[in-house]
Amino acid sequence: MKPLDLLEHFDKGAGAFGFIATYEFEPQFFERRMLAKRTFGNAERLVVFMDRGRYQELVNRGLQVSGFNRRYLVVPMDRAPAVFHPKLYLAVGEKRTDGMIGSNNCTNAGI
């Protein structure tokens, strides 16, 4: 069985709207690799939901990217008493909708 190359999969259709839910998020990876693909790169609106604790750690470390909360919106989510842990990728285009549910975070190692 051939393994699924998610970056290749995210280059098949152009989305107008993109939605990602993830525990861990790497903005550098997202901007360099995922926004280079048609599925999310062509989207007019992008929103990323991620765990609030991981969001705060990310912001505290400093962001070395230009699109965070400018090109795409990153929303911290809180789910007491546990962490926000879903993994969902969804892009809705004019003629095509692509979705993926799995166990991979939106990181270089996850994708």
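**Group meeting: a walk from T22 outwards**

Hi everyone, let me start with one side chain: that of T22, which reaches the backbone oxygen of E24 at 2.7 Å. Before I go on, please keep in mind that this is a predicted model.

So where does T22 sit? You'll find T22 in strand β1, which covers residues 17-22. Is T22 buried or exposed? Its relative accessibility is 0%, and since anything under 20% is called buried, T22 counts as buried.

Now, what surrounds T22? Leaving out residues up to four places away in sequence, T22 touches V48, F49, M50 and D51, then F84, P86 and K87, and also N105 and C106.

That brings me to the chain as a whole. How many helices and strands does the protein chain have? There are 4 helices and 5 strands. Reading from the N terminus, the order is α-β-α-α-β-α-β-β-β. The radius of gyration is 14 Å, close to the 13 Å that the globule rule gives for 111 residues, so the chain is as compact as a globular protein of that length. If you like boxes, the C-alpha atoms fill one of roughly 35 × 35 × 20 Å along the principal axes.

On to contacts and surface. Take the contacts between residues at least 6 apart in sequence: 77% of them join residues at least 24 apart. Buried residues account for 41% of the 111 in the chain. The accessible surface comes to about 6,600 Å², and carbon and sulfur atoms hold 51% of that.

For those of you thinking about electrostatics, the chain has 16 positive and 12 negative charges. How far apart are the mean positions of the two sets? The answer is 2 Å.

Let me finish with two more residues. L4 belongs to the segment before α1, the helix at 6-9. With a relative accessible area of 60%, L4 is exposed, in contrast to the buried T22. Measuring sticks out, friends: from L4 to E94 we go 90 residues along the sequence, and 25 Å through space from C-alpha to C-alpha.

The other residue is N69, in the loop between α4 (52-61) and β3 (73-77). What is notable about its backbone? Phi of N69 is near 60 degrees, a positive value in a residue other than glycine. As for its surroundings, N69 has 35% relative accessibility and therefore counts as partly exposed.

That's my tour; thanks for listening, and I'm happy to take questions.

Conventions:
Residues numbered from 1 in each chain as written. Predicted model: local features only at pLDDT ≥ 70, side-chain atom pairs only at ≥ 80, totals over all residues. Heavy atoms only, no water. Helix = DSSP H or I, 4+ residues; strand = E, 2+ residues; numbered from the N terminus. Rg over C-alpha atoms; globule rule 2.2 N^0.38 Å. Buried < 20%, exposed > 50% of the residue type's maximum accessible area, 1.4 Å probe, protein only. Contact = heavy atoms within 4.5 Å. Areas by Shrake-Rupley, 256 points an atom, 1.4 Å probe, with all protein chains shown as cover. Lys, Arg positive; Asp, Glu negative; His and termini not counted. Charge placed at Lys NZ, Arg CZ, Asp CG, Glu CD. Polar contact = N/O pair within 3.5 Å; in protein donor to acceptor, adjacent residues only side chain to side chain.
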